[in-house]
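Let us take a walk through this structure together, one stretch at a time. Keep the sequence at hand as you read, and look up each residue as it comes along.

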Amino acid sequence: MGIKCKSVYLQGYDLDLIATYGPGGKYPVYSNLLDVLADVLRKNIKNGHQNVIVANGGTGSGKSTLLINLCYKMSRDWELKDNYIYSLADLKRKLRDPDSSPISLFDEGSVSLNSFNSQRAEDKAMSVLFDTMRSWGWSTFIALPSFSDLNKRVRNNHVDYRLICPRKAPLPGYDPRGFFHLYKKIRYDLTDGIYWQHLGTGLFKKLAPRHDKEYQALKRKSQVRLINEFIGDDDE
């Protein structure tokens with residue numbers, strides 16, 4: 001627990017301030033920021049809005065762990081195995097199920113939402129799908145190394161929040177894995193420009209052993225399937 005405080009950016013919530021960093025202690029670290037974000041996202045859905053959240057970070061930074069934690073905080077009934085999306089085939093499978101959860105995790109989003117493939121017909125269809133998911137009130141969580149890797153139309157039109165897993169811990173003496181920076185999109189209507197407002201820095205935990213085991217198995221299975229599809233496309 002920290003010092004109870006208010007944030008101008010997250011009005012209506014009590015935040016637990018545990019530390020500050022940066023020039024003059026400008027940037028706050030909140031122990032309950034992930035819980036607050038989960039509640040904000042739930043309220044968005046109740047108000048008829050879609051959520052599209054992107055987590056960026058290098059290999060081993062914990063971006064997928066962060067998003068899985070957030071998915072479970074949004075809904076205790078959420079199941080990773082039914083809502084894990086690694087390729088477009090996974091998304092198509094989920095869309096065929098009328099009883100599927102409205103919460104989806106795109107792991108390694110650069111595989112299915114890569115900006116370099118935005119001219120392919122299937123990728124154009126993907127960006128249109130986000131319009132549909134918005135009308136359905138879905139919450140879509142995307143993990144990928146770099147924000148610029150994401151399909152531009154999805155990046156500019158749909159992403160609401162960014163979570164960044166830092167390479168260096170904001171507090172000296174700590175491991176960077178377990179910290180995240182939260183940013184919210186601010187759009188300027190007159191110029192159609194976009195600014196990302198820093199809302200605070202938060203903490204997240206390691207996955208429970210059973211969830212981590214399930215995640216590693218799903219990721220490995222998806223990677224093997226993608227490799228097999230690639231080999232099968234070889235004409236030689």
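Strand S3 and strand S10 (residues 193-203) run parallel and are joined by 2 bridges. This is a predicted model, so please read everything here as a description of that prediction. To find the place where S3 meets S10, look for tyrosine 30, whose bridge partner in S10 is glycine 202.

Tyrosine 30 also leads to another strand, as it is the bridge partner in S3 of leucine 17. Here strand S2 (residues 15-21) pairs with S3 (residues 27-30) in the antiparallel sense, over 4 bridges. S2 and S3 make up a hairpin, with 5 residues between them. In its turn sits glycine 22, which has a positive phi of about 85 degrees.

Now step back to the whole chain. You can count 7 helices and 10 strands in it. Of its 236 residues, 48% count as buried. Among the contacts in the chain with a separation of 6 or more, 61% come from residues 24 or more positions apart.

Which residues touch the most other members of the largest nonpolar core? They are Leu80, Phe141 and Leu163, in a core of 39 residues. Many elements contribute to this core: helices H1 (33-46), H2 (63-74) and H7 (209-232) each supply at least two of its residues, and so do strands S4 (51-56), S6 (103-106), S7 (139-144), S8 (161-164) and S9 (179-188). A second, separate core has 15 residues, including Ile85, Phe130, Leu150 and Trp196.

Leucine 163 is a good residue to zoom in on. Leaving aside neighbours within four places in sequence, its contacts include Leu37, Leu66, Leu67 and Leu70. Leucine 163 is also in contact with Ile53, Val54, Ala55 and Asn56, and with Phe180, His181 and Leu182.

Next come the aromatic rings, for which a search of the whole structure finds 7 pairs. Tyrosine 84 and tyrosine 86 form a stacked pair, with 6.5 Å from centre to centre and 20 degrees between the planes. Tyrosine 84 also pairs with tyrosine 215, this time edge-to-face, at 6.2 Å centre to centre and 70 degrees between the planes. Because tyrosine 84 lies in strand S5 (residues 84-85) and tyrosine 215 in helix H7, this pair ties together parts that are 131 residues apart in sequence. Ring pairs thus link Tyr84, Tyr86 and Tyr215 into a cluster. Are these rings buried or exposed? Tyrosine 84 and tyrosine 86 are buried, and tyrosine 215 is buried as well.

Rings can also have a charge for company. The charged end of arginine 162 sits over the ring of phenylalanine 147, 4.0 Å from its centre. The charged end of lysine 94 sits over the ring of tryptophan 138, 4.9 Å from the ring centre.

Follow lysine 94 a little further, and you come to serine 104, since the two side chains are joined by a polar contact of 2.5 Å. Serine 104 is found in strand S6. With a relative accessible area of 0%, under the 20% limit, serine 104 counts as buried. What does serine 104 touch, not counting residues up to four places away in sequence? Its contacts are Trp78, Asn83, Ile85, Lys94, Trp138, Ser139, Thr140 and Phe141.

Notes. Residues are numbered from 1 along each chain as its sequence is written. This is a predicted model: local features need pLDDT of at least 70, side-chain atom pairs count only at pLDDT 80 or more; totals for chains, interfaces and linings use all residues. Side-chain values use heavy atoms; hydrogens and water are left out. A nonpolar core is a set of buried Ala, Val, Leu, Ile, Met, Phe, Trp, Tyr and Cys residues joined through side-chain atoms within 4.5 Å. Buried means under 20% relative accessible area, exposed over 50%, partly exposed in between (1.4 Å probe, protein chains only). Contact means heavy atoms within 4.5 Å. Rings of Phe, Tyr and Trp (its six-membered ring) pair if their centres lie within 6.5 Å; planes under 30 degrees apart count as stacked, over 60 as edge-to-face and the rest as tilted. A charge sits over a ring if NZ of Lys or CZ of Arg is within 6 Å of the ring centre and within 35 degrees of the ring normal. Two strands pair if DSSP finds at least two bridges between them. A polar contact is a pair of N or O atoms within 3.5 Å; within protein, one must be able to donate a hydrogen and the other to accept it, and residues adjacent in sequence count only if both atoms are side-chain atoms.
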